[in-house]
Amino acid sequence: MSRNYYEILGLRQSANDAAIRRAIDAAKERINADAKLSSSARASRLAAVQTASDVLCSPAKRDAYDTALHEKSDASANGLLSTRTLGIVLAIVVLGGGIYWQYDRNQTNLRLEQERIAAEKAQARRIEELEQRRIADAKRLVEELRAQRDADEKQHQDINELRSAESQKKQYVVDDRPGVTPPVVGNSEDQRQMSTEARQRAIAESNQHYEEETNLRRAKAEVDRQKRYLEQLEREDQYARARREALSRPSR
């Protein structure tokens, strides 16, 4: 290895346990605070620090590792590497690889869990917004229908009052002779004006009735559209939830 565990932590081989723990904490804080590191480089350095921590914080592992360092140093000076030293180094490398694999797996599971929680929160907010919008649209439609009903009642009341007033204006002269229709006594110009006004009111009422029916059909169509929109969103949310559940299942 190019750097031993003491060099990774910036320690001497004679450092005590307290100094080793302080160096481990300082190294982790330094790596996490380095904004220039990529996620893969940060994970690799943290894994190396964790491997050094697992070895140096265990008295038995540290003694074996110190022995391996001494033997490696002696073998380098003599140009030989003992079989025992090589076995110890390989065991440490294998142990470090297993720790790094477990760390990478935990990080992946943590990331998937965070994404799932964020997606569920976003879905809950979206459903709440849709529900509020549906309630507001329903209230608006009810208010429009109530206002339309009040307008219809007012119109019918006005028509009845107008008809009552017209009937009071008509005066008849009764002729007792058989077969003679009683003529209407009054101003013919007033009668023509009343007839014209009646036609105009009938046309206005017909136009207003058509407009009311058109507005009612539009309101019903808008309610149907909102209902289809909510159903479509619900189907999309169910599909997205099923997809996230499928992705979150561990592959076999």
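How far apart should the ends of the 17-residue helix H2 be at 1.5 Å a residue, and what distance separates its end C-alpha atoms? The close-ups below start there; the model they show is predicted.

**View 1. Helix H2 from end to end.** Helix H2 takes in residues 17–33. With a rise of 1.5 Å a residue, its 17 residues should span 24 Å, and the end C-alpha atoms do lie 24 Å apart, so expectation and model agree.

**View 2. The two sides of helix H2.** Look for Ala-19, Ile-20, Ala-23, Ile-24, Ala-27 and Ile-31, which are the buried residues of H2. Seen down the helix axis, these buried residues fall within an arc of 140°, and they therefore line one face of H2. Turned away from that buried side is a face with the exposed residues Arg-22, Glu-29 and Ala-33.

**View 3. A stacked tyrosine pair, Tyr-5 with Tyr-65.** A search of the whole structure turns up two aromatic pairs. In the pair shown here, the ring centres of Tyr-5 and Tyr-65 are 4.6 Å apart and the planes meet at 20°; the pair counts as stacked because that angle is under 30 degrees. Tyr-5 belongs to helix H1 (residues 5–9) and Tyr-65 to helix H4 (residues 59–78), so this contact links distant parts of the chain, 60 residues apart. Both partners, Tyr-5 and Tyr-65, are buried.

**View 4. A tilted pair, Tyr-6 with Tyr-65.** Here Tyr-65 meets Tyr-6, with 6.3 Å from centre to centre and 35° between the planes, which makes a tilted aromatic pair. This pair, too, links distant parts of the chain: Tyr-6 is in helix H1 and Tyr-65 in helix H4, 59 residues apart. Tyr-6 has a relative accessible area of 2%, so the residue is buried. Tyr-65 is likewise buried, at 1% relative accessibility. Taken together, Tyr-5, Tyr-6 and Tyr-65 make up one aromatic cluster.

**View 5. A salt bridge in helix H5, Glu-120 with Arg-116.** The structure contains 14 salt bridges. In this one, the side chains of Glu-120 and Arg-116 come together at 2.7 Å, N to O. The two residues sit four positions apart in helix H5 (residues 83–169), so about one helical turn separates them. Glu-120 is partly exposed at 39% relative accessibility, and Arg-116 is partly exposed at 29%.

**View 6. Another bridge in helix H5, Asp-137 with Arg-140.** The closest N and O atoms of the salt bridge between Asp-137 and Arg-140 are 3.9 Å apart. Both residues lie in helix H5, with a spacing of three residues, or about one turn of the helix. Is Asp-137 buried or exposed? Its relative accessible area is 19%, and because the limit for buried is under 20%, Asp-137 counts as buried. Arg-140, at 36% relative accessibility, is partly exposed.

**View 7. A salt bridge in helix H6 and a network elsewhere.** Arg-201 and Glu-197 form a salt bridge whose closest N and O atoms are 3.9 Å apart. They are four residues apart in helix H6 (residues 188–248), so the separation is about one helical turn. Arg-201 is partly exposed at 24% relative accessibility, and Glu-197 is partly exposed at 32%. For a last look, turn to Asp-17, Arg-62 and Asp-66, which are joined into one network by salt bridges that share partners.

Definitions and conventions
Residues numbered from 1 in each chain as written. Predicted model: local features only at pLDDT ≥ 70, side-chain atom pairs only at ≥ 80, totals over all residues. Heavy atoms only, no water. Phe/Tyr/Trp six-rings, centres within 6.5 Å; stacked < 30°, edge-to-face > 60°. Buried < 20%, exposed > 50% of the residue type's maximum accessible area, 1.4 Å probe, protein only. Expected span 1.5 Å × (residues − 1). Arc of directions from axis to C-beta. Salt bridge = Lys/Arg side-chain N within 4 Å of Asp/Glu carboxyl O.
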